[in-house]
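Subject: Handing over the structure

Hello,

Here is the structure I promised to pass on to you. Please open it alongside this message, and then read on for what turned up in it.

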Amino acid sequence: MKTRPLVFLLLLALCGCNKDRELAVPTAGPNSLINETYPLPAFSRALMDGVYTVVNGNQLVGDQVIVKSNRTHLLIADATGNYFILQAGYLDSVVFLQGYWRYGYGDDTGLASFYIARSEGGTELVTGVQPQTLILRGGYGKGSESPVSEITLQYQRPFSQTVRNSNFYILAHRSGGRTSDRLPVSENTIEMIGFTEKLGSTGIEVDVRLSSDGIPFIYHDPDINIRLTQKGPLAGPIENYTWEQLSAFVRLIHGEKIPTLEAALNYVVDSTLLRFVYLDMKANRDAMAMVIPIQQRILQRAHDKGRDLRVFVGIPGTEVLEDLMTYPDYQLIPSLCELSVDDVRAVNAQVWAPRWTLGTQNDLVRQMHDENRLAVSWTIDAAPWIRDFINEGSFDGLLTNFPYVVAYYHYTKE
């Protein structure tokens, strides 16, 4: 193997792990029961979807939770920001669930495990039949402690017909979650895109910038900084560097590379079930000419694969609006406009996306629906506001840093 250049060795030496920003994900390690089970099929996991009463364990999650299956795992979430991410397997018609829980607004976390006895729904789940009785019995712990605190969940009801018939989008911020929330992967990465479905997300927002040689990539801040990256030889405005320099010398907090926009969107198509991507244009000028062809290729790729995926270029300000309007046939480009409804109409944006602080604005949302447009609101994080927007508003989706809280209030809606 060739000797690496000295500058690269220096980069490796400088790269810190930022341990103070990491929150370790608890794992059962060699004591995991799931390794000894057969994987529970996706159709069986879907039979567990519903609203559950908390019989024991109220001190952790309150009186009610939702259970929602996703592409690979089960999510359990409550009204206050607690959530469980669980793998599922079975042996002899007993279903085992194992993983961890986390309080999303803080750092509390721990191991969690459940089982479903044969007579309490296990047999039906394994055979693909909707159980008449479904009870999850188990325990949770703090940190790496054994999950010995009792928790019992009893199936109460399915999701309402209103929820099942809706096409509501749970949109996760910065490709699925912020680095500052101490998630196990960095924001605006392919790794985060792969992780966020476990949190209940059905769509994502990504931040789009251009390298100095015109390559669109995803990254939030205007500069290279220790909030998002490990220590390295590059500093200052991130758009001053070529893509080759960024790829070679920048590593994000958890060691990931910054991805190109096209690589990230190809991953969405090929490796997720996400249905909505919001391209938040951080590059203000002359970016549409670089980004829209990628959007069109991705939409065609999704169509060819039979994927139900919508990808919108975002319009956060007047400079981006003007940039879009220089593009040929700009009114045919799938776009999402954060500005006024008049601006939405001027560019024929398919989505209106006002900030949440403006309120539910049901009259304007109704106008957008009458014009066959969608309306989503950003970025809403506090649980009481999420509850009110879902119960009193008419938006087609919410952008949030806490998708599991949005999932709870959406799926419990009558």
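How many cavities of 30 Å³ or more does the structure hold? The answer is three. Please keep in mind as you read that this is a predicted model.

Let me begin with those cavities. The largest one has a volume of about 60 Å³. Its lining is made up of Y83, R102, G104, D181, L183, L199, N401, F402, P403 and Y404. Sorted by class, that lining has six nonpolar, two polar and two charged residues.

The second largest cavity holds about 50 Å³ of space. Around this second cavity you will find L23, A24, V25, P26, Y83, Y100, R102, T109, L183, P184 and F195. Nine of its lining residues are nonpolar, one is polar and one is charged. Y83, R102 and L183 appear in the linings of both cavities.

Next, the aromatic rings. A search of the whole structure gives 15 aromatic pairs. One of them joins Y52 and Y155: the ring centres are 5.4 Å apart and the planes stand at 85 degrees, so this pair is edge-to-face. Y52 sits in strand β2 (residues 50–56) and Y155 in strand β9 (residues 149–157), so the pair ties together parts that are 103 residues apart in sequence. Are the two partners buried or exposed? Y52 counts as buried, with 0% relative accessibility, while Y155 counts as partly exposed, at 21%.

Another pair is formed by Y103 and Y105, and this one is tilted, with 5.9 Å from centre to centre and 55 degrees between the planes. Y103 is partly exposed at 26% relative accessibility, and Y105 is partly exposed at 32%. Both belong to one aromatic cluster together with Y83, F402 and Y404. Of that cluster, Y83, F402 and Y404 also help to line the largest cavity.

Finally, have a look at helix α8, which covers residues 261–271. Which of its residues are buried? They are L261, A264, L265, V268 and V269. Viewed down the axis of α8, these buried residues fall within an arc of 135 degrees, so they line one face of the helix. In an α-helix there are 3.6 residues a turn, so residues three or four places apart point the same way. The buried residues of α8 pack against two helices, α6 (190–196) and α9 (288–304), and against the strands β11 (203–210), β12 (216–218) and β15 (276–281).

Enjoy exploring it!

Best wishes

Methods: Residues numbered from 1 in each chain as written. Predicted model: local features only at pLDDT ≥ 70, side-chain atom pairs only at ≥ 80, totals over all residues. Heavy atoms only, no water. Buried < 20%, exposed > 50% of the residue type's maximum accessible area, 1.4 Å probe, protein only. Helix = DSSP H or I, 4+ residues; strand = E, 2+ residues; numbered from the N terminus. Arc of directions from axis to C-beta. Contact = heavy atoms within 4.5 Å. Phe/Tyr/Trp six-rings, centres within 6.5 Å; stacked < 30°, edge-to-face > 60°. 1 Å grid on protein atoms, 1.4 Å probe; cavity = no way out; pocket = protein on both sides within 12 Å on 5 of 7 lines; lining within 4 Å. Points joined across faces, edges and corners; volume = space filled by probe spheres on them. Nonpolar A, V, L, I, M, F, W, Y, C, P; charged D, E, K, R; others polar.
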